[in-house]
Amino acid sequence: MPARIDSAPVVVWGGGTGGVAAAIQAARAGAPTVLLTPGSWLGGMVSAAGVCCPDGNELSPWQTGLWGAFLRGMAEREPEGLDQNWVSCFGFRPIQAEALLQQWVQELPNLTWLSCCRCLAVNRSERLVRSIEIEREGQRQQLACSVLIDGSDRGDLLPFLDLPYRLGWEPQELWGEPSAPSAERLATESFFERQPVQSPTWVVLGQLHGEKPAQALPEKPLLPAPFEQACQAFGLERTLTYGRLPGGLVMLNWPLQGNDWHQGLDRAFSNQADAEAELEREMQAHSRSFAAELMELCSGWLSLGDAFPQDSGSPDPALAAMPYWREGRRMVGRSTVIEQDLLPERSGRSISTLPRNQEGQISSIAVGNYANDHHYPGDDWPLAAKSCRWGGRWSGTPFCVPYEALLSADLDNLLAADKAFSSSHMANGATRLQPVIFNIGQAAGAAAALAFERGGVPSDLPVIDIQERLIADPVAPAGVIPLWDTPFNHPDWAARQRAVLQEPGRLSGSGSWQGASSGAAQPAPSAIDRARVHVQGTIRPMGDGSYAVDLAEATWGRSRWSVITLEPCVDQWLEQLDGPRQVELLGCFNPWGPWLRVSAVSP
């Protein structure tokens with residue numbers, strides 16, 4: 001790759017998950033693209049920050065786009081399988097995530113990646129960004145661009161643009177969000193000043209030695225301050241295996257008096273290098289202390305992991321190369337995703353209202369389904385319910401992100417591809433997660449490439465053209481419509497996506513397809529099920545939306561297993577189960593869940 005470049009049609013700033021996705025998609029679609037990253041690793045949350053147990057978009061209908069392609073790429077690189085922990089059905093090592101992303105980048109001759117950059121300025125005139133100025137290897141460079149994309153975790157470019165942006169809480173009176181605090185509370189309670197954004201975490205990776213400890217662990221030990229209650233809710237062993245990864249690595253990203261950091265977060269947005277460096281040192285020391293206390297209790301079962309090589313920029317092999325920023329600056333867009341946009345139309349299995357633009361067209365460009373999860377010190381923040389029972393476990397109900405939320409209200413060629421897109425503080429708790437950010441980034445990249453192809457700006461693009469590019473993408477087709485019953489590899493997936501865009505009535509209020517060939521067909525097994533096995537036993541509903549199977553032969557020392565699924569066809573079969581039944585199941589065992597994740601049933 002050239003050491004210096006002066007212009008490109010598309011320039012992406014930031015190595016966040018969405019930024020990398022935007023750059024890859026723009027280049028794959030034919031636009032010469034430059035990706036500028038402040039660090040030496042790509043990927044943000046999914047690699048450099050070590051958040052390798054992704055939340056949300058687990059069900060096969062939501063495994064689309066670059067998120068789905070990434071997931072299946074990880075399955076190919078992790079021969080032990082991805083079902084390794086109990087917080088998610090997926091877990092992978094940071095170095096494997098980074099290797100896949102770098103492979104994707106290096107395969108594209110029209111994508112130039114410049115690492116270890118510092119942004120100095122962004123130049124604009126009237127409604128257009130003209131160029132970005134950076135420092136790299138001691139040299140100052142100016143890159144002219146036709147489209148600029150902010151793909152950073154904290155909205156790095158927004159302060160340089162001389163435009164208003166959002167940071168922190170909004171009062172309930174602004175948008176009527178049910179979980180937002182009132183203006184009076186924001187003005188009078190010191191909590192909101194101390195806690196301007198969700199708490200970040202500096203992830204630390206541990207290493208388990210063997211599947212089980214050599215001797216019994218204390219069940220619910222009290223830890224020294226400030227971690228006293230960390231193990232009280234789930235116990236020590238569950239606390240450790242919460243984020244287990246292949247090879248026995250464990251992701252320590254623990255919110256319950258664990259290594260979330262709550263102090264002096266305003267320093268992350270002060271634009272003062274010394275203050276930010278001090279904040280980072282405090283976060284790292286806090287995470288090291290948490291890991292040390294857990295190791296003290298484990299009698300050798302847990303040690304620090306060897307997960308981040310020196311070239312990642314990590315301060316040591318166990319610490320992530322960057323913090324996990326859950327929230328940052330948010331662009332003022334042409335549309336803003338608020339809490340009500342995420343909530344289901346009714347309780348139970350439902351979907352949120354499909355977003356529409358001023359012309360009345362469905363404007364969705366990405367689907368997410370995470371519940372809503374806010375990290376602060378103290379008790380959990382009360383949030384409007386957004387989950388339901390599905391496939392034997394709890395799942396967030398799906399929601400859509402509109403294209404207008406990626407567009408600046410004031411600039412015609414600025415797009416947001418990561419957490420900086422236009423959302424409220426309350427909505428950020430569901431929209432900040434790795435899978436939906438992957439696909440938001442993909443949509444930003446698709447729009448940038450289409451604008452380049454047509455010689456225009458992203459703000460002028462018909463949303464239907466962007467949606468078609470995403471659905472028809474030859475490498476990573478991405479869903480824009482939340483169809484609960486249509487997995488990504490269903491033979492009619494693309495046709496159903498297009499049909500709902502043309503005839504919204506084909507999508508029922510519960511998110512099911514209404515039309516010819518209704519129902520959830522059994523698709524071919526997905527690559528994420530490489531470790532699947534056939535078992536026989538008696539399955540039964542447990543009366544609370546969960547299911548269990550008693551196996552003919554014990555596995556992992558256990559005869560009874562909880563049954564979960566990510567497949568609509570299996571979920572529909574389970575829903576009709578009215579008593580014990582002899583079955584043959586195809587699935588993957590997860591002893592840390594513990595569950596049997598079923599991909600097919602033979603009654």
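# A walk through the predicted structure

The largest share of the lining of the second largest pocket, six residues, is supplied by helix α8. The model under discussion is a predicted one. The second largest pocket holds about 1100 Å³ of space. Of the 37 residues that line this pocket, Pro38, Arg154, Asp156, Glu276 and Glu280 are the closest to its centre. Two elements, β4 (117-125) and α8 (273-297), each give two or more residues to the lining. Sorted by class, the lining of the second largest pocket comprises 17 nonpolar, twelve polar and eight charged residues.

Besides this pocket, the structure contains two cavities of 30 Å³ or more. The largest cavity has a volume of about 60 Å³. Its lining is formed by Leu158, Leu161, Leu163, Pro164, Met331, Val332, Ser408, Asp410 and Leu414. By class, seven of these residues are nonpolar, one is polar and one is charged. The second largest cavity encloses about 50 Å³, and its lining includes Pro61, Trp62, Val367, Trp493 and Gln497. Here the lining has six nonpolar and four polar residues, and no charged ones.

Attention may now turn to the helices. In helix α12 (residues 463-471), the buried residues are Val463, Ile466, Gln467, Leu470 and Ile471. These residues lie on the same side of α12, because they cover an arc of only 130° around the axis. The buried residues of α12 pack against β12 (364-368), α11 (434-454) and α13 (493-502).

Helix α14 (residues 568-575) offers a further case. Six of its eight residues are buried, and therefore the helix is largely enclosed by the rest of the structure. The buried residues in α14 are Pro568, Cys569, Val570, Asp571, Trp573 and Leu574. Their packing partners are strands: β13 (387-390), β17 (533-541), β18 (547-555), β19 (558-565), β20 (581-590) and β21 (595-602).

Some of these strands also pair with one another. Strands β18 and β19 pair in the antiparallel sense over five bridges, and Thr555 has Arg558 in β19 as its bridge partner. The hairpin of β18 and β19 has two residues between the strands. Strand β19 also pairs with β21, in the parallel sense and over three bridges. In this pairing, Thr565 stands opposite Val598 in β21.

Another pairing is found between β8 (residues 204-208) and β9, which run in the antiparallel sense over four bridges. Gln207 stands opposite Leu249 in β9. From strand β9 (residues 249-252), Leu249 and Met251 point one way, whereas Val250 and Leu252 point the other way; all of them are buried.

The loops contain several residues that merit individual notice. Most residues other than glycine have a negative phi, and most peptide bonds are trans. Which backbone feature sets Trp556 apart? Trp556 has a positive phi of about 55°, although it is not a glycine. Trp556 lies in the loop between β18 and β19. Its relative accessibility is 51%, and exposed residues are those over 50%, so Trp556 counts as exposed. Glu126 likewise is not a glycine but has a positive phi, of about 50°. This residue is placed in the loop between β4 and β5 (128-136). Glu126 is exposed, with a relative accessible area of 73%.

Two cis peptide bonds may also be located in the model. A cis bond joins Ala225 and Pro226, with omega at about 5°, and Pro226 belongs to the loop between β8 and α7 (236-241). The bond from Gly593 to Pro594 is also cis, and its omega is near -15°. Pro594 is found in the loop between β20 and β21.

A last residue to consider is Pro54, in the loop between β2 (33-36) and α2 (65-77). Is Pro54 buried or exposed? Buried means under 20% relative accessible area; Pro54, at 0% relative accessibility, therefore counts as buried. Which residues does Pro54 contact, leaving aside its neighbours within four places in sequence? Pro54 is in contact with Trp67, Ser88, Phe90, Phe92, Gln434 and Pro435. The C-alpha atoms of Pro54 and Cys89 are separated by 8.4 Å, and these two residues are 35 residues apart along the chain.

Note on methods:
Residues numbered from 1 in each chain as written. Predicted model: local features only at pLDDT ≥ 70, side-chain atom pairs only at ≥ 80, totals over all residues. Heavy atoms only, no water. 1 Å grid on protein atoms, 1.4 Å probe; cavity = no way out; pocket = protein on both sides within 12 Å on 5 of 7 lines; lining within 4 Å. Points joined across faces, edges and corners; volume = space filled by probe spheres on them. Nonpolar A, V, L, I, M, F, W, Y, C, P; charged D, E, K, R; others polar. Buried < 20%, exposed > 50% of the residue type's maximum accessible area, 1.4 Å probe, protein only. Pairing = 2+ DSSP bridges. Arc of directions from axis to C-beta. Contact = heavy atoms within 4.5 Å.
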